[in-house]
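Let's take a walk through this structure together, one piece at a time. Keep the 3D view open as you read.

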Amino acid sequence: MDDKVLWIGFTDENGSLDKPSLEALTATRTIAEGIDGELAIGLVGGSVDAAAAQIGGAGATRVVALAGEAWAAPRYASDTAACAQIARTVDAGIVVATAGSRFNRVCAGLAQRLGGAVDTQITDILVENGALSVSRWFYRQRMIGKLQRTVRPWVLSIASGSFVPCEAGDATVTPIEIEGFESRTEVLGVEAGTGGSQTIRPDAETLLVAGAGWTKKQADGEVHTDDAASIILEFVESNRASLGSSKSMVDLATEGQAVLPFLTHLHQIGQTGASPRHAKGLSTCCHGEEPHAVGWRFINERRAINTDANCGWAQGKADVLYVADAFEVMKKVNERLAD
Ligand SMILES: Cc1cc2nc3c(=O)[nH]c(=O)nc-3n(C[C@H](O)[C@H](O)[C@H](O)COP(=O)(O)OP(=O)(O)OC[C@H]3O[C@@H](n4cnc5c(N)ncnc54)[C@H](O)[C@@H]3O)c2cc1C
């Protein structure tokens, strides 16, 4: 069991695997190669044909799948049963999947069913003298911990953006079944989150952060919230960028001030918000206070636009600070991008 390393992929409505899933597959291969173990793959979903074409050459000795209507929708009972069945079928010592909403919901229950242990949001894999260690962040990305466990099976969920997605060719998949499995939960449909969650795009190249300055009185003594909303949305939509915001910005709604209607607490970046991973980030009308800027830890290239040359971004938190009016700059940027 010890040397059997299993990766589980959940397929989407087209039967394919998303980027974070393929990143977790790279992490799994790293473990299998490091401990000189056997890689096994388990697929779960309505259909798995497209997925099989994505992962074939990953070097797995076995590729098994639970495919069909019963496995199409995320559901605790069926997903836990599916993962447990796959892990038992391949006699897995280590079980890996991406830390998406589907696996996050079941990983603890899965570890319990297998009599193993679970660690989540893994960002790095290390094998020294055949011993496996994994890393994850604690205390809202302020401390990093390195973990080892002797208990098996060891269930691991991989944080997205931590590994390069695996690229491999066709695989031959062996279908498996769970005898007598019946779910008492019926999936009636899917409802998307309200309040503009569709502007949060974890895979986007660029993050645009909107700070409270967008809703403050400007040089003419007036607020220009509608203008701000259209400038921000135009940039985000035309670039397929992800949208973030500062805490002050999302809190303003509860204080009865003018707000941008599409911003919610889900957009908040920072100590009490999210720490997204994007290649580039542009902060606009945001002061760059430490509790906010700490959420920029994984953004590679940081730029900010602020009218205040002494704002937080100027204190070494941004690579480039444009001391300028964000309304003017972003209008120009949108014009250029539309050309
Ligand atoms: C325990 C704790 C946890 C916290 N956690 C978080 C967190 O998770 N996330 C978070 O964001 N904050 C957090 N905060 C709050 C944080 O400290 C700041 O108060 C907040 O980030 C400030 O938001 P802001 O920069 O958008 O607004 P402001 O501080 O009001 O700054 C607005 C900025 O806009 C600029 N501006 C105005 N007009 C223009 C213009 N036309 N062009 C360019 N610039 C302009 C101004 O110069 C100013 O710098 C936390 C605080 C505490 C105490």
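Before we get to the ligand, one bit of vocabulary: helices here are DSSP runs of H or I with at least four residues, strands are runs of E with at least two, and both are numbered from the N terminus. Also keep in mind that what you're looking at is a predicted model.

With that in hand, start at the ligand. Its shell holds 30 residues, and the ones that come nearest are Gly211, Gly213, Ser246, Lys247 and Gly270. Two or more shell residues come from each of helix H6 (247-251), helix H7 (290-293), strand S14 (301-306) and helix H8 (326-338). Helix H6 is the top contributor, giving 3 residues. As for chemistry, the shell splits into 15 polar, 10 nonpolar and 5 charged residues.

Now zoom out. The protein chain carries 8 helices and 15 strands, and its C-alpha trace spans about 70 × 50 × 40 Å along the principal axes. Of its 339 residues, 42% are buried. Look at contacts with a separation of 6 or more, and 70% of them link residues 24 or more positions apart.

Next, find strand S11 (residues 206-210). It's mostly covered, with 4 of its 5 residues buried. Strand S11 runs parallel to strand S13 (residues 280-284), and 5 bridges pair the two; here Leu207 sits opposite Gly281. Strand S11 is also joined to strand S12 (residues 242-245), again in parallel, by 4 bridges. In that pairing, Val209 faces Gly244.

For a contrast in pairing, swing over to the open sheet of 3 strands, ordered S6-S7-S8 and paired antiparallel. Why do strand S6 (124-128) and strand S8 (143-147) each have a side without a neighbour in the sheet? Both stand at the edges with a single partner strand, so one side of each is left open in that sense. From one strand to the next, the twist averages 25°. Strand S7 (residues 131-138) pairs with S8 over 5 antiparallel bridges, and Ser135 has Lys146 in S8 as its bridge partner. Helix H1 (residues 19-34) packs on this sheet, touching S6 and S7, and its direction makes about 5° with that of S6.

Then there's helix H3 (residues 76-90). Its 15 residues reach 21 Å from first C-alpha to last, close to the 21 Å expected at 1.5 Å a residue. Plenty of residues in H3 are buried, including Ser78, Asp79, Cys83, Ile86 and Val90. What do the buried residues of H3 pack against? The partners are strand S1 (4-10), strand S2 (38-45), strand S3 (62-67), strand S4 (94-98) and helix H4 (101-114). Just after H3 comes Asp91, with a positive phi near 55°.

Helix H4 brings us to a last stop, Leu114. Is Leu114 buried or partly exposed? A residue needs 20 or more other C-beta atoms within 10 Å to be buried; Leu114 has 19 such neighbours, so it counts as partly exposed. Setting aside neighbours within four places in sequence, Leu114 is in contact with Ala84, Ala87 and Pro153. Ala84 and Ala87 are among the buried residues of H3. Finally, look back along the chain to Phe103, 11 residues from Leu114: their C-alpha atoms are separated by 15 Å.

Definitions and conventions:
Residues are numbered from 1 along each chain as its sequence is written. This is a predicted model: local features need pLDDT of at least 70, side-chain atom pairs count only at pLDDT 80 or more; totals for chains, interfaces and linings use all residues. Two strands pair if DSSP finds at least two bridges between them. Axes are lines fitted to C-alpha atoms, for helices over the stretch in contact, and angles run from 0 to 180 degrees between N-to-C directions. Two residues are in contact if their C-beta atoms, placed from the backbone, lie within 7 Å. The expected span of a helix is 1.5 Å times one less than its number of residues. A residue is buried if 20 or more other C-beta atoms lie within 10 Å of its own, exposed if 12 or fewer, and partly exposed in between; C-beta atoms are placed from the backbone. A residue is near a molecule or strand if its C-beta atom, placed from the backbone, lies within 6 Å of it. Ala, Val, Leu, Ile, Met, Phe, Trp, Tyr, Cys and Pro count as nonpolar, Asp, Glu, Lys and Arg as charged, and the others, Gly among them, as polar.
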